[in-house]
Amino acid sequence: ILVQPAEAAQSAFLDGNSVAISSSGITTLANLSTTFPSGNNLVITIVQTNNTDANNNPDLNPNGLNLTRSDGTVLRSNAFLIRHGICCTNVNMQKWWVAVALDTNAPANVWYVVNASAANNPNSFLKAEAKIIAINGVAGNSTEGTSTAIGTSSTNLASLSTQFPSGNDV
């Protein structure tokens, strides 16, 4: 993602709390409301997960973590399995997930939600905490790479051209 913030950009932030991820269904980890006008928003979420039981090894399946806009549009999700241990001694096995999205043409007063659904999570032993920051009034371009095997030499995961003036790319 390459962005160029506007001079009068607005921002909103949510510092979520620790939440037990349900053993079935979807759990909302964080919900950020904004008062932004319609336009482009840069949205960043950071999620920390923690397995709190040594006898269980819960997973977050692909698409088990989602950054979603209020109209249900999924902006980003985890592409791969997030495993919290493979044996019986992995209590407090913590993982991090970061998602960055450029939400183009977002509606006014949009809100953003981080949801989670876990597999192999009896008694909701998997906990999570999410933080969300959104910045309104940005110009930019975004691309999402595809699953790419990484070898022993340099590997291009994604490429993005811009129309920014020289020297303004981030």
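**Exercise 1. Place Trp 96 in the fold and state whether the residue is buried or exposed.**

Trp 96 lies in strand β9; strands are DSSP runs of E, at least two residues long, numbered from the N terminus. The model is predicted, so local features need pLDDT of at least 70 and side-chain atom pairs count only at pLDDT 80 or more, while totals for chains, interfaces and linings use all residues. Residues are numbered from 1 along each chain as its sequence is written, and side-chain values use heavy atoms, without hydrogens and water.

Next, take the relative accessible area of Trp 96, which is 58%. Buried means under 20%, exposed over 50%, and partly exposed in between (1.4 Å probe, protein chains only). Trp 96 is therefore exposed.

**Exercise 2. Find the strand order of the open sheet of four strands and its edges.**

Two strands pair if DSSP finds at least two bridges between them. The order is β3-β10-β6-β7, with antiparallel pairing. β3 (27-33) and β7 each have a single partner strand, so they stand at the edges, and one side of each lacks a neighbour in the sheet.

**Exercise 3. Describe how β6 and β7 are joined.**

Start with the ranges: β6 covers residues 65-69 and β7 covers residues 74-77. The two run antiparallel and are joined by three bridges. Thr 68 has Val 74 in β7 as its bridge partner. Then look at the connection: the strands form a hairpin with four residues between them. In the turn, Gly 72 has a positive phi of about 95°.
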